[in-house]
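Me: I would like a close look at one helix in the structure below and at what surrounds it. Please treat the packing carefully and connect it to the neighbouring parts as you go.

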Amino acid sequence: MIRKRLQVLTAVALLVFLATLASCSRQAAREVAVNLWPDNVREFSPSSSSDDARPWCPVSLTPLGKHQYLMANYNKVILFDSRSGSAKTMQIDKESLPARGEGWIHNPAGLFFSPAVDGLFVANYTANNLVVYKVDEKAGTLRFLRVITSAHTISPENVWVSEKGDLCVCANYDGSSVTAFDISSYPARELWNTPIKLAHGVCMSRGKVYATGLMDKCLFELDRSTGRIMRQAGRAGWRPGEMEFLWPTSVQPLSEDQLIVSDAHTGFIYFIDATMLKVSTYFGGNGPTYRFLNMPYTAIVNEEELVVASAFQNRLLCGDRKNLTIDRVYACNAKEWAYTREERLTTERLGAGWEKYIWEKGPRVSILGQDFLLGYAQLHPAYRSESLPVLNTPYPASSLFNGGGELYFLDRVQLESGFILFSNQKPQAYYFFRDDAQYLFPLTLEQDSWCMGNTLCSPLRKVQLKRLEGAIRQKAARLKAKRLTTGLLVADDLRRIMFPGLSGPLFHQKLRELFTTPQGRVFYEEYQEAEKGNRGKKSVDAMAQNYFCASWKKGNNSLDELMVVHMLTGREPGAINGR
C-alpha cells in the first residue's frame, strides 16, 4: 500500500516537474526597455595630444581590468577606460616583430586578453593568423610574442582562450570554420576544426565552445574536446524573442548559465539561457538617433559592467549588467543627433516591413521604367511574376560610382525629380534624376543618416534636399545639352560634369573596369567606335538593344553597368523591347 502511494506521489511529482519545464520552455522572451541615450553623452578623450585614438567603428572589446578594455576596429588596438573615457592607441613594438616586421600585417578584428598567459590574442583578419602580444599599458605598446595559425585559419574574426591558458579557439569567417589549438606547445598544435559557415563569434563557457554562424543565422554549441556540434539554435528573421538572427557577430559569457549575443543587422542584444539555448530577454535594435543602435558588433560583460559597441555610430555604451541600465555613453562627437531631441522628431526602429533581407512592405523605386523593392545592397523586382533582374548596388569601393563602401540596408527619399538611394550604415548614396534619361549621380552623405518621414536627417543636421536637388538639376541639364543627335553621350562629357575630380586617364580606366560582364565588355568596345563618329542612330539602337537583351530580365545585374549603358545611349530596356 505504501509502495503504491509512493509510486503515485512520484508520478504526480514528475508530471508537475514536466509541466513546469514545459511552461518555462514556452515562456516568451521579454524585451527590456533600456535607455540608450542618457543625458551624459561624452566624447572620447585621447590620452595624449598627439594621439588621435577616437574609436571609429569599434567591433570588438576585451577586458584588461576593472573599467579597462582593449578595443579593435580592423585597424588599431585602442586602450579604453570606461570611467574616464580616455582612449589611447597601442603601438606595436616593431623591434619585437620577426624579421624586424618586414611585410607584417596588422588587421585586428577580435581580441581576447588571457590573464593565464598574460597575453593579448588578436584575430589578425587579413593575415590569416592569430597573434599574441605582451601588453604594456604605461608605454602604450604591444610586444610580439608568437603567431598561431594553420591551414584552416582563414580570415579569423574572433578568438577565445581557456581559463588555464592551454586551449585557444578562433572563428574563421572566410574559412567557414571554428578551429581549436593546443597552445601549451610551441608551435601551437591544431586539435580540431569544425565547419560552420561564415563563423564569426566564439567563446568558451560551461565547459563548451559556443560559436555563431552568419550563413545559417545560428548559435552553435560544440564539444570542447572534439569540436563536435552538440546543439544549434536560431533561424533567419527579425524577431529576437523567437531566436531569430540576421548577423550574430559576437557571443560572450554573461554568467554561468547565460550568454550574450549581439546581432549587427537586427541591432538587438540577446540574453540567452545556455541550458536551453533560448532567448530570455533582449534590448536595442538599429534605428535613427542615439535612441537606437547602428550595427552593434559586440556586447560584453566585465564583472558587473555591460559594454556595447555600436560600430556605425562610433560610440560605446557602458552601464550596469544586473539592472540593465546604460549610464555612460562615449561618442566621437557628443553633439550628434542633439537637434532631433529639441525638434522631437519621430523615430522608428529598423526592421518593420522587412522579410529577412528584403523590405517587402517598404517603398518602391522606379529604375528604367520598372518598380523595385529595397533590400540589402540589392534592389529586387516589386512584382515577382515578371522576369526582372536583381540589381546589385555599385561595389567595390574603388569603383567609378562608389567611394564609400558597399551599401547595406537600403532606404530612399522621394523628390520631385527622382529619388535618393542610400544606406543608414554608409556615406555613399545615389541620386536617380529623371530628365531626358535617368541619370545616376553619386553622392556622399554623413554615415548614420536616416529617413524620418520624407526628411533626410544626418547626425548633425537635416540634409538640404531642395539645394541638393537644384545642383543635380543643373548637372542633368548640362548632360542633356551635350547629348548628340544619335542619342549618344560622349564619355569625356560625362566625366567633366559628373566626375570633375577625376583625371581623364583615371576616369577611363574606371569606366572600362565598370563593364564586368561579357555583354558589357562587348558594348564598351562598340561604344568606343560610336564615340569616334563611326556609328549612326540605328547602330546605337542596336548596340543598346544587344546589351539589354543579354542583361535585362536575366539573373543579377550590376546597377552601375546597367545605368551607364542607359546614360551613354539614352536607351532603356522598355523602349528597346517596344514596351
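Reply: In this predicted model, the helix to look at is α8, in which Leu559, Asp560, Glu561, Leu562, Met563, Val564, Val565, His566, Met567, Leu568 and Thr569 are buried. Because eleven of its eleven residues are buried, α8 is largely enclosed by the rest of the structure. Just after the helix, Gly570 takes a positive phi of about 80 degrees.

The surroundings of α8 can be described through the nonpolar cores. The largest of these has 113 residues, and Ile367, Leu379 and Phe401 are the ones with the most contacts inside it. Helix α8, residues 559–569, supplies the largest share of this core, namely seven residues. A second core, separate from it, has 46 residues, including Cys168, Ala188, Cys203 and Val279. As general background, nonpolar side chains in soluble globular proteins tend to be buried together.

Phe401 offers a direct route from the core to the helix: once neighbours within four places in sequence are left aside, its contacts include Asp560, Val564 and Met567, and these three are among the buried residues of α8. Phe401 is also in contact with Pro394, Gln428, Tyr430, Leu440, Pro442, Met498, Phe499 and Leu514.

It is useful to set helix α7, residues 537–551, beside this description. Its 15 residues, at 1.5 Å a residue, should span 21 Å, and since the end C-alpha atoms are 21 Å apart, the expected and modelled values agree. The buried residues of α7 are Val540, Met543, Ala544, Tyr547, Phe548 and Ser551. They cover an arc of only 120 degrees around the axis, which puts them on the same side of α7. The general reason for such a pattern is that an α-helix has 3.6 residues a turn, so residues three or four places apart point the same way. Just after α7, Lys553 takes a positive phi of about 75 degrees.

Beyond the two helices, the aromatic rings give another view of the packing, with 32 aromatic pairs found in a search of the whole structure. In one of them, Phe80 and Tyr330 have ring centres 5.5 Å apart and planes at 80 degrees, so the pair is edge-to-face. The pair links distant parts of the chain, with Phe80 in strand β6 and Tyr330 in strand β30, 250 residues apart, and both residues are buried.

Notes
Residues numbered from 1 in each chain as written. Predicted model: local features only at pLDDT ≥ 70, side-chain atom pairs only at ≥ 80, totals over all residues. Heavy atoms only, no water. Core = buried A, V, L, I, M, F, W, Y, C linked by side-chain atoms within 4.5 Å. Buried < 20%, exposed > 50% of the residue type's maximum accessible area, 1.4 Å probe, protein only. Helix = DSSP H or I, 4+ residues; strand = E, 2+ residues; numbered from the N terminus. Contact = heavy atoms within 4.5 Å. Expected span 1.5 Å × (residues − 1). Arc of directions from axis to C-beta. Phe/Tyr/Trp six-rings, centres within 6.5 Å; stacked < 30°, edge-to-face > 60°.
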